[in-house]
Amino acid sequence: SAAPPNASPAHLFPTLALAERAPAKVNLTLRVLGRRADGYHELSSLVAFAGTGDRLALLPGDDLALHLDGPGAGALAADPDNLVLRAARALAERVPGLRLGRFTLLKRLPVAAGIGGGSADAAAALRLLARANGIAADDPRLAGAALATGSDVPACLYGRSCLMEGRGESLTPVALPRFGAVLVNPRVPVSTADIFRALAIPPGTRHGVTSPFPAGAPRGALLDWLRAEPNDLEAPARTLVPVLDEVEAALRATPGAELVRMSGSGATMFALYENCRVAAGAARIVAGAHPTWWVKSTVLG
Ligand code: C5P
């Protein structure tokens, strides 16, 4: 269509509504360094954000409601477990008298896909509520509500490339070059908990070291570092989602692919390219050969 990628149908977002982008999150690396006594895994992950994502609007009011729209709406329910509503409730618990309202989610990203769609939506909800209530972006109650909603929500609330550590609560900003990228999801939903469970790491275990992020490294050296720092969730995900081998092969075969890897707990895989033009060409090839897959060319970093 002729509409720009982030345009929102005007009828979904009446005037007086506030709107926020909810960009897809991509884990360029994801090292599992052990498992804490509370059961969560200790991670070190380089996170970047894509030019593509969902969009969330808020019409401020007294009640809390959620309306779903867009191509991914059918895969989701506007039930109390929806991360938008969970994030709103988590903030309301921390901010007495918080003004809520009616959210409209334009769902574009695949669900349970490892690119943080739900986490990005939750973070966008927190940003909208902060705007509607005059809460400063660095208010610790926002960070608290984010972590209470999910491990990836603090990074999505920050929304720029960063090194994510701990369970997801420790964020260090990093500067990344811009990459062209293609995201491919074979439309197989993946449960994050299932993938972590398949690692079978006993609580209270610490192992594995990572090599430190090469701050300021030129693009080629950064790519070398990325290739040496894998996503440790890829092996268990391949066991549970065998089609990942086919997704990887399809991306590797595209001209100019510099790195091919899975994001998060899957099943979305991404490839990095020199720029958006090369990425767009690669996306056309993959989408043409695999019409049932979700294929998106975008910018990253
Ligand atoms: O934090 P969140 O609810 O998004 O995590 C979903 C599940 O993924 C957790 O219940 C846990 O099983 C697993 N997880 C983990 N270690 C992390 C993040 C998530 O074990 N750092």
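Domain bounds here come from an automatic or database domain assignment. On that basis the protein chain has domain 1 (14-173) and domain 2 (179-300). The model is predicted.

**Two domains and their contact**

Taken over C-alpha atoms, the centres of domain 1 and domain 2 are 22 Å apart. Domain 1 puts 29 residues into the contact, and domain 2 puts in 38 residues. On the side of domain 1 that touches domain 2, strand 1 (18-27), strand 2 (31-35) and strand 3 (41-61) each supply at least two residues. Strand 3 has the largest share of that side, with seven residues. What is the make-up of the side of domain 1 that touches domain 2, by nonpolar, polar and charged residues? The split is 16 nonpolar, ten polar and three charged.

**Strand 5 and its partners**

Strand 3 also takes part in pairing inside the sheet region around strand 5. Strand 3 and strand 5 run antiparallel and are joined by seven bridges. One of the residue pairs is A57 with T104, the latter in strand 5. Strand 4 (residues 64-69) also pairs with strand 5, but this pair runs parallel, with six bridges. Here L66 has F103 of strand 5 as its bridge partner.

Why is strand 5 (residues 100-106) largely enclosed by the rest of the structure? Five of its seven residues are buried. A residue counts as buried when 20 or more other C-beta atoms lie within 10 Å of its own. Strand 5 also closes a β-α-β unit that starts with strand 4 and passes through helix 1 (residues 83-94). The unit is left-handed.

**Strand 12**

Strand 12 (residues 294-300) is mostly covered, with five of seven residues buried. Its antiparallel partner is strand 8 (residues 179-185), through seven bridges. V182 is bridged to S297, which sits in strand 12.

The strand pairs described so far are set out below.

| Strand pair | Direction | Bridges |
|---|---|---|
| Strand 3 and strand 5 | antiparallel | seven bridges |
| Strand 4 and strand 5 | parallel | six bridges |
| Strand 8 and strand 12 | antiparallel | seven bridges |

**The shell around the ligand**

Which residues surround the ligand? They are Y40, H41, L43, G150, S151, D152, R167, G168, T192, A193 and F196. Strand 3 and helix 5 (192-199) are the elements that give two or more residues to this shell. Helix 5 gives the most, three residues. By class the shell has four nonpolar, five polar and two charged residues. Both domains take part: domain 1 (14-173) and domain 2 (179-300) each provide at least three residues of the shell. Strand 3 therefore appears in two settings, as defined by its DSSP run: it gives residues to the shell around the ligand, and it supplies seven residues to the side of domain 1 that touches domain 2.

**P236 and its surroundings**

P236 lies in helix 7 (residues 234-240). Is P236 buried or partly exposed? P236 counts as partly exposed, because it has 19 C-beta neighbours inside 10 Å. The cut-off for a buried residue is 20 or more. Leaving out residues up to four places away in sequence, P236 touches I195, A198 and L199. A200 is 36 residues from P236 along the chain, yet their C-alpha atoms are separated by 10.0 Å.

Key
Residues numbered from 1 in each chain as written. Predicted model: local features only at pLDDT ≥ 70, side-chain atom pairs only at ≥ 80, totals over all residues. Contact = placed C-beta atoms within 7 Å. Helix = DSSP H or I, 4+ residues; strand = E, 2+ residues; numbered from the N terminus. Nonpolar A, V, L, I, M, F, W, Y, C, P; charged D, E, K, R; others polar. Buried ≥ 20, exposed ≤ 12 C-beta atoms within 10 Å, placed from the backbone. Pairing = 2+ DSSP bridges. Right-handed = clockwise from strand over helix to strand, strands pointing away. Near = placed C-beta within 6 Å.
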